Amino acid sequence: MSQEYHNTMTEENCNQLRCHFTWGLEIENSEVPDLENRIREEIEFLDTKYNVGIHNLLAYVKHLQGQDEEALQSLKEAEDLIQRQHADLSDTRSLVTWGNYAWLYYHMDRLEEAQTYLDKVENTCQRLASVFRYRMECPEMDCAEGWALLKCGRQNYERARVCFEKALKVEPENPEFSTGYAITLYRLDYDINHVISLNALQQAVRLNPEDTYIKVLLGLKLQDVKREDEGEMYIEEALRSPTSLMYILRYAAKFYRRKGCVEKALPLLERALPSMPFSADLHYQRGLCYRELVFQEKNHTNRWPRWQNRENKDELVQPAICEFQETLKLKPTFEMAYVALAEMHAEIGQYREAEDNFQIALNMKDCADHLKQEIHLRYGKFQRFHQKSDAKAITQYLNGLRIKEISLSRERLFNALENLAKKCLHQNINVVESLGLLGLIHKLKGDMDSALQYYERALRCTNLLHPDF
């Protein structure tokens, strides 16, 4: 048998495996460093029974970086965990790890060792009566695939959801499947009028009463649905537990920042940062806290007071700018960090820098639709309130509304456009266009009667009406 034939057959057999090398994980090259850092944070700080998969994912990420020996070490750690935590189900739990071993050895041109792991998979599949030679169709494998997809970013979330749903159909009370499903729905949950994750999070907490990570996510979701006091009970309960404390501090801080208690949020982030200095999310959360302080000061003094000199204003804004810059150094694909940074530059009159950062955010690849809406909304506000251009603001609000995704940002776009149109109408500025805008808003909302009333008012003023209306 020729070496080329042996190589081809090994590759064909490896392609039948279910593991990280065959799941089609979508990971941009620029995202790999941040992904590796988040994986390491989870390994070190998240106390969970479900961490075999994270070692497998680290192995795959190491391979993507050309570090195959380090990848083999991560797979060994996964094997050791399986023996310690799942000895009764070690063969089933090992299938993904063995598949990753086979692929790694294949890429290292160590075909005999690759075949050894292919044989392990084949023997297990035979023993468990799989209809496939090198793959098992079972809820444990669906769950493992779901975890991998979930960790690799929002472009994979819908596929992760399908995996966990498939697993839960077989075992609806399985704590691990429930946890993965709840976290996935939480990540996909951005329409405040159609919350999809609350029931799943409550179910996951019921099945995993010691899991503080799930508790803080439930606390945040309860805050989203205006049940803040109930949510705070879960946050406080999680903070009293030593389990996963460093990992959950950022989520507790987010809860208190959104509640308006920046003085409680910042110390939590300060506590976590020494343990996780390379966490883009921690720096982003700190930046948001400093931004909130800027806005609190601005609102307290009714805009910036005329007497306040540029140096004092810079001193308030600079910590937020530094944190957002650090965030982007660690994760250059973080769209909303560019937006937040742009807003802080705008606050101190650095409009060129603000424009540059807005443009980066607007031109990001693979940006989720609800985030595109949010970017158009905030860029529109920049045009209206800092650049004093109502026309450009309207353009951005309309651009955001052309994205049909139902989300909180879409509601806010409607409100921003309606407020601007009514202001112009009240001031007798661009009356026809303002009436047309109000008609369009009601048309997009499905209220055709109100839309027609505004269009008729506009037509009474002139026969000319923009075709968009």
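What distance, in Å, separates the side chains of Glu145 and Trp23 in their polar contact? In this predicted model, the polar contact that joins those two side chains has a length of 3.4 Å. The account below starts from Glu145, moves on to other residues and cores, and ends with the cavities and a pocket.

## The chain as a whole

The chain is built with 23 helices and 0 strands, and its C-alpha trace spans about 85 × 50 × 45 Å along the principal axes. Of its 469 residues, 54% count as buried. When contacts between residues at least 6 apart in sequence are considered, 61% of them join residues that are at least 24 apart.

## Glu145 and its partners

Glu145 has its place in helix α7, which covers residues 139–151. Is Glu145 buried or exposed? Its relative accessible area is 12%, and because buried means under 20%, Glu145 counts as buried. Besides the contact with Trp23, the side chain of Glu145 makes a polar contact of 3.1 Å with the side chain of Arg18. With neighbours within four places in sequence left aside, the residues in contact with Glu145 are Arg18, Trp23, Arg159 and Cys163.

## Asn100 in helix α5

Asn100 lies in helix α5, made up of residues 90–107, and with a relative accessible area of 1% it is buried. Arg18, already met as a partner of Glu145, is 82 residues away from Asn100 in sequence, while the two C-alpha atoms are 8.8 Å apart in space. Which residues does Asn100 touch, leaving aside its neighbours within four places in sequence? They are Cys19, His20, Phe21, Asn56 and Leu75. Two of these partners also appear in side-chain polar contacts: the one with His20 is 3.1 Å, and the one with Asn56 is 2.8 Å.

The side-chain polar contacts of Glu145 and Asn100 described so far are set out here.

| Side chains joined | Polar contact |
|---|---|
| Glu145 and Arg18 | 3.1 Å |
| Glu145 and Trp23 | 3.4 Å |
| Asn100 and His20 | 3.1 Å |
| Asn100 and Asn56 | 2.8 Å |

## Nonpolar cores

In soluble globular proteins, nonpolar side chains tend to be buried together. In this model the largest nonpolar core holds 126 residues, and the members that touch the most other members are Leu17, Leu25, Tyr213, Tyr284 and Phe324. Helix α13, residues 245–259, gives the most to this core, with 10 residues. Apart from this core lies another one, of 23 residues, which includes Leu413, Leu420, Leu440 and Ala458.

Leu17, one of the members named for the largest core, is in contact with Thr22, Gly99, Ala102, Trp103, Leu118, Val121, Tyr134 and Arg135, once neighbours within four places in sequence are left aside.

## Cavities

How many cavities of 30 Å³ or more are counted? The count comes to 2.

The largest cavity contains about 240 Å³ of space and is lined by 19 residues, of which Val52, Gly53, Arg93, Glu140 and Ala144 lie nearest its centre. At least two lining residues are supplied by each of α3 (52–64), α5, α7 and α9 (175–188). Helix α7, the helix that holds Glu145, gives the most to this lining, with 5 residues. By class, the lining of the largest cavity has 8 nonpolar, 7 polar and 4 charged residues.

The second largest cavity contains about 40 Å³ of space, and its lining consists of Leu17, Arg18, Leu95, Gly99, Val121, Tyr134, Arg135, Met136 and Met141. Of these residues, 6 are nonpolar, 1 is polar and 2 are charged. Several names recur here from earlier sections, among them Leu17, which belongs to the largest nonpolar core, and Arg18, which joins the side chain of Glu145 through a polar contact.

## The second largest pocket

About 620 Å³ of space lies in the second largest pocket. Its lining has 22 residues, and those nearest its centre are Phe295, Lys298, Glu347, Phe385 and His386. The elements that give two or more residues to this lining are α15 (280–300), α17 (335–347), α18 (351–362) and α19 (369–386). Helix α19 gives the most, with 6 residues. What is the division of this lining into nonpolar, polar and charged residues? The lining has 8 nonpolar, 3 polar and 11 charged residues.

Definitions and conventions
Residues numbered from 1 in each chain as written. Predicted model: local features only at pLDDT ≥ 70, side-chain atom pairs only at ≥ 80, totals over all residues. Heavy atoms only, no water. 1 Å grid on protein atoms, 1.4 Å probe; cavity = no way out; pocket = protein on both sides within 12 Å on 5 of 7 lines; lining within 4 Å. Points joined across faces, edges and corners; volume = space filled by probe spheres on them. Helix = DSSP H or I, 4+ residues; strand = E, 2+ residues; numbered from the N terminus. Nonpolar A, V, L, I, M, F, W, Y, C, P; charged D, E, K, R; others polar. Buried < 20%, exposed > 50% of the residue type's maximum accessible area, 1.4 Å probe, protein only. Contact = heavy atoms within 4.5 Å. Polar contact = N/O pair within 3.5 Å; in protein donor to acceptor, adjacent residues only side chain to side chain. Core = buried A, V, L, I, M, F, W, Y, C linked by side-chain atoms within 4.5 Å.
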